[in-house]
Amino acid sequence: MSPPLVEVAAISRSYSMRSGMFGRSTAVHAVDGVSLTIRKGETLGLVGESGSGKSTTGRIVLGLEPPDRGEVRFDGKPMAATGTVAWRAQRARMQMIFQDPLGALDRRLPVATQIREPLDIHGLGTAAEREDRVRELLRAVELTPAHGARYPGALSGGQRQRIVLARALATKPDFLVCDEPVSALDVSIQAQVVNLLCDLQAQLGLTLLFISHDLRVVRQISNVVAVMYLGRIVETGSADDLFARPEHPYTQALVSASPAPGRRSAGRIVLAGDPPNPAARPKGCAFHPRCPRAIARCASEVPTLSAVDGDRQVACHLVTGTQARDAA
Amino acid sequence: MSPLVSIRDLRVAFSGVPVLRGVDLTLGKGEALGLVGESGSGKSVTWLAALGLLPRHARVSGSARLDGRELLGAPASQLDQVRGGRVAMIFQDPASALNPVLTIRRQLSEALALHRNLSGEAAKAEARRLLDLVGIPDAARRLEAYPHEFSGGQVQRIMIAMALAGNPDLLIADEPTTALDATIQAQILELLSTIRREMNMAMVLISHDLGVVAENCDRVAVMYAGRIVEQAPSNQLFADPVHPYAQGLIGALPPLDGPRRRLVAIPGTVPDPAHMPVGCAFAPRCAMAAEACGVSAPKLAPIADDRAVACIRAEASRRALLGIAAE
């Protein structure tokens with residue numbers, strides 16, 4: 001097994017939110033004690049609904065936001081303080097891609113210039129080398145130098161996301177955080193970008209944190225998957241195994257809610273209630289008000305994430321694995 | 001049985017650029033039809049055109065009949081009876097379809113006054129019944145709430161209640177769950193299918209999500225670049241797609257179980273409506289395209305009961321598909 005590149009240890013982050021103009025401010029725990037390990041060359045998929053804290057986790061991992069508690073280690077070293085020389089050097093090794101490529105690109109600059117920008121910022125190579133690198137990057141994302149001369153408005157959604165990907169790869173990063181990178185794309189284009197991402201990962205040995213609400217895409221690209229609910233990880237395990245045999249009632253509902261051609265909705269688990277509000281987190285297990293199997297204990301005691309079977313970890317009072325059973 | 005809706009050779013052009021290039025569709029009473037395709041393929045425009053909801057610069061031609069009565073070019077007074085009455089529509093973004101400064105009761109009562117001539121206590125009682133029907137808890141009290149006091153899933157339920165206010169024969173749901181989380185999407189889809197069964201209402205479900213359409217519709221029409229390229233009962237379409245584009249769409253969908261395989265991506269992008277290729281619009285992206293594909297656009301032709309495909313190689317691609325399945 002390859003050594004870990006990114007280690008996230010019990011990070012928490014809360015924001016204060018005021019309800020109404022004169023309301024008291026309340027703390028919103030966006031991320032609460034999340035620990036993750038991403039091994040070199042592997043992909044960790046982070047799944048969850050809106051408000052589950054998956055994007056905040058991605059931002060903290062990249063150092064775009066400091067955690068209130070906990071620590072992120074990159075390649076064995078803690079993240080350097082923002083703005084320092086060491087931080088800059090570290091940041092060149094990690095990049096990110098967002099959902100909306102048009103929002104991430106400057107509409108008034110030819111895209112080749114934008115791909116070159118990270119090279120200029122980090123002072124990599126001579127002017128001629130940078131031009132070569134831009135052409136090489138365009139080829140890597142299956143576009144031509146002619147595309148580079150265009151402005152973002154003259155490219156399609158899929159082509160724009162390729163440009164964003166090329167720019168993210170410019171500094172030869174080791175680690176890429178992808179936050180819903182294909183969610184805004186049509187199915188046929190989505191498949192092109194997912195295949196490209198898989199190919200580039202294999203060629204360049206990239207390590208990925210892939211954040212998405214789309215279970216299918218996550219399974220396609222990830223080695224390990226973590227499911228988040230209201231700021232906590234409720235289940236984690238290898239991608240194939242987790243979606244085939246979900247253990248946590250929330251993961252079971254998510255998998256069951258994913259529509260599949262050729263399967264009628266018979267036997268679907270339809271959760272009652274609304275998506276959770278991070279500002280009013282239920283006591284005990286945050287999922288218990290919507291959980292079809294909740295017992296009294298779930299309302300009072302927060303379940304901890306514990307190993308169940310092999311590499312599977314589940315945070316649920318009702319799921320006890322071999323280890324827990326052995327101990328009892 | 002005469003169809004509820006029959007659309008014939010419907011064409012729409014925006015400032016001279018054709019976006020809908022001859023659509024034929026029929027819909028039976030109580031039937032659920034799914035419409036899939038990429039953005040810009042004309043899924044929504046078809047219904048906006050049929051209901052006279054397009055802006056004035058849109059040029060619409062062809063025919064769209066509801067129970068045999070022509071809708072295209074019908075007087076506004078007749079269309080007002082149809083829209084929101086016999087045919088209701090719900091959209092992807094429910095929050096922008098509600099007025100933020102009016103209570104839910106006022107907005108529901110408006111629809112009830114317009115289409116059912118209800119007012120005062122009768123309207124209030126009916127509004128409450130509708131909220132109950134769509135599963136809003138504590139309906140009597142929540143009637144006096146404003147849209148921002150509801151969650152996204154609840155707002156979509158309210159939109160469904162409002163659509164049901166006129167007792168429609170047909171509900172057009174345009175990406176009704178796209179903006180919602182997966183677990184809420186499952187709730188809304190279940191609600192729609194329950195209501196449809198109970199009220200014996202026909203439904204057109206427009207979605208880019210093949211899974212959503214497959215599970216909730218009897219029949220599916222696949223659209224590409226302003227035309228229908230394949231039409232089939234949903235189980236048959238997903239088990240055995242014939243048109244290369246329909247095959248591509250299904251191949252591009254990552255599986256949730258079983259072995260992982262490389263996704264079959266459709267190369268290239270949708271053609272620009274202003275520079276549509278001569279012949280089949282899909283030919284430039286089609287792996288099976290032949291010379292003849294670039295000459296003239298194939299017509300939607302029946303290949304079996306209930307099934308129609310617009311591809312000159314429908315037969316050949318069918319064999320190719322069987323070949324793949326045999327591997």
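Where chains A and B meet in this predicted model, chain B contributes 38 residues to the contact and chain A contributes 37 residues. On the side of chain B that touches chain A, five elements each supply at least two residues: helix H6 (152-164), helix H7 (182-199), helix H8 (210-216), helix H9 (234-239) and helix H10 (244-251) of chain B. H7(B) gives the most, with seven residues. By character, that side of chain B splits into 18 nonpolar, 12 polar and eight charged residues.

Now let's turn to the sheet of chain A. Eight strands make up this open sheet, with mixed pairing, in the order E6-E7-E8-E3-E9-E10-E12-E11. Strand E6 (94-97) and strand E11 (306-309) of chain A are the edges, each pairing on one side only. On average, neighbouring strands are turned by 20° against each other, direction ignored. At one of those edges, E11(A) runs antiparallel to strand E12 (residues 312-314) of chain A, and the two share three bridges. There you will find Ser306(A) standing opposite Val314(A) in E12(A).

Two helices of chain A that accompany these strands are set out here.

| Helix | Strands involved | Angle |
|---|---|---|
| H1(A), residues 54-61 | packs on the sheet, touching E3 (43-47), E7 (175-179), E8 (207-212) and E9 (224-229) of chain A | about 155° with E8(A) |
| H11(A), residues 249-257 | lies across E9 and E10 (232-238) of chain A | about 105° to E9(A) |

A word on confidence: chain A has a mean pLDDT of 88, and 94% of its residues reach 70 or more. Residues 323-328 of chain A deserve a second look, as the pLDDT there is below 50. Beyond near neighbours in sequence, this stretch has three contacts in the model.

How values were computed
Residues are numbered from 1 along each chain as its sequence is written. Chains are lettered from A and ligands numbered from 1 in the order in which they are written. This is a predicted model: local features need pLDDT of at least 70, side-chain atom pairs count only at pLDDT 80 or more; totals for chains, interfaces and linings use all residues. Two strands pair if DSSP finds at least two bridges between them. Helices (H or I, at least four residues) and strands (E, at least two) are DSSP runs, numbered from the N terminus. Axes are lines fitted to C-alpha atoms, for helices over the stretch in contact, and angles run from 0 to 180 degrees between N-to-C directions. Two residues are in contact if their C-beta atoms, placed from the backbone, lie within 7 Å. pLDDT is the predictor's confidence in each residue, from 0 to 100. Ala, Val, Leu, Ile, Met, Phe, Trp, Tyr, Cys and Pro count as nonpolar, Asp, Glu, Lys and Arg as charged, and the others, Gly among them, as polar.
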